[in-house]
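Please look over the model shown here, and then read the notes that follow, which take up one helix, the chain contact and the domains in turn.

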Amino acid sequence: MVEEIRSKAKELLKTKRVDIIIGYKRASDGVSATPAFVNTVEGADELIWDAYCTYNLSRYLNDFPGKKKGIVAKACDAKSIIVLLQENQLRREDIFVIGVECSGVIDEEKLRFGEGDADRIQFDQRCKGCDPSVYPICDLLIKDKGRAKTPGLEKDPYEAVRKFEVKSIQDRFNFWKEEFSRCIRCYACRGVCPSCYCPRCVADQTMPAWFSKATSFEGNFAWNVTRAIHLAGRCIDCGECERACPIGIPLRDINKKIEKDVKELFGYEAGLSDNGKPLFASFDKEDPEDFIR
Amino acid sequence: MKSWEPKIVGFLCNWCSYAGADLAGTSRREYPPNIRIIRVPCSGRVNPLFVLKCLMDGADGVLVSGCHIGDCHYSEGNYYARRRFAVLKRLLEYLGMDPRRFQMSWVSASEGDKWAKLIKELVQEIKEAGPNKPGLRKRQDG
């Protein structure tokens, strides 16, 4: 697979189909992967692909305005690209998507802290609910011949959400109060999210200041709700926010909750097609309104 | 200590609910004075951030009220609002916010009675929910 990626990258660069390839290369620790930005044919030899290629590279697509970009994309990354296209943040002709068949990526944190080893691959939590055969967009799909067993679809991807929903309101409040109290407002969740592309985030606005910038309960609660609600119907569950969070707030639990609600209420799923309108830019006359008095 | 009275912020659309509340007043329907009304052009104008800011700044309840479906002055503003707030309401509940604190209603310009009744019920519910103390910050009473 790696060879295929490299040769395709070389071909795309040589023929000037793209100006830059966004892919993965080996990090300086010799184990993990790091984003690679390749703009020369020789440079394409450093591209790699394996289960350490965790990052969602679609985050970088808009960092090269006016250039044609090639990108190495897993199934989840491809969904983010769909969202960007749907929201007119990208032009289809400006990108070339090299899809790679993914068998799940590794949860590096668990590996590092000894909760698994490379032989017994500890898959990232998000991969357990992913169907990697769904490739909404790609110009070329690189197949994995010796494909390891996929983590497999969880029976119910929303099991954790459902379990949490039935807890008492006080328990729910205490749980999130505790989690949010650790938030240091570094905005890494925002920085790493491919869908958080606003040139100016509401969190940075001072006139009006929508919520406190202090790490108070109010400030942290408001920030985390805002982040989540702004991603409603746009989050494709790449899990980057949770991975990037330095103090480990389970942000995916919030994203999953919204994903579930949106599916239940409106039958909408993000990142499947770039034709339809985004969730909040559309409506249905029959949308549920049992909560309205 | 003075007995506690809830503070409720109401975002009312100019064309229906605001007129409905006005009608309640002109037809001398009595309802508790706990609601502070903010007039907005349309329920579709209300950003989830408004609701969040109210709740974080110590409002005990927030009401978003607009025209009935099909009656929107801008044809479809309330459809968008309905979608948006369905998601917000469920999210707030998931994060442990009392569901009584954020409510939504459709009140038309002719429903002065409905308005008065709604506010009576709302105030009662929020009184039962008690003061909104988001964090540890001291709440200023009165």
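## Helix α3 of chain B

In this predicted model, the helix α3(B) has 18 residues, which at 1.5 Å a residue should span 26 Å, and because its end C-alpha atoms are 26 Å apart, the expected and the computed values agree. The expected span is 1.5 Å times one less than the number of residues.

The helix α3(B) is mostly covered, with 16 of its 18 residues buried. It is followed by B:G96, a residue whose phi is positive, near 95 degrees.

## Contact between the chains

Where chain B meets chain A, 30 residues of chain B are in contact with 32 residues of chain A. On the side of chain B that touches chain A, the elements giving two or more residues are α2 (48–56), α3 (77–94) and β4 (102–106) of chain B, and the largest share, 12 residues, comes from α3(B).

Sorted by class, this side of chain B comprises 17 nonpolar, 4 polar and 9 charged residues.

## Domains of chain A

Chain A is divided into two parts, domain 1 covering 2–142 and domain 2 covering 159–281, and the C-alpha centres of these two domains of chain A lie 24 Å apart. To the contact between them, domain 1 of chain A gives 20 residues, while domain 2 of chain A gives 18 residues.

The side of domain 1 of chain A that touches domain 2 of chain A is made up of 6 nonpolar, 8 polar and 6 charged residues.

Notes:
Residues are numbered from 1 along each chain as its sequence is written. Chains are lettered from A and ligands numbered from 1 in the order in which they are written. This is a predicted model: local features need pLDDT of at least 70, side-chain atom pairs count only at pLDDT 80 or more; totals for chains, interfaces and linings use all residues. Domain bounds come from an automatic or database domain assignment. Two residues are in contact if their C-beta atoms, placed from the backbone, lie within 7 Å. Ala, Val, Leu, Ile, Met, Phe, Trp, Tyr, Cys and Pro count as nonpolar, Asp, Glu, Lys and Arg as charged, and the others, Gly among them, as polar. Helices (H or I, at least four residues) and strands (E, at least two) are DSSP runs, numbered from the N terminus. A residue is buried if 20 or more other C-beta atoms lie within 10 Å of its own, exposed if 12 or fewer, and partly exposed in between; C-beta atoms are placed from the backbone.
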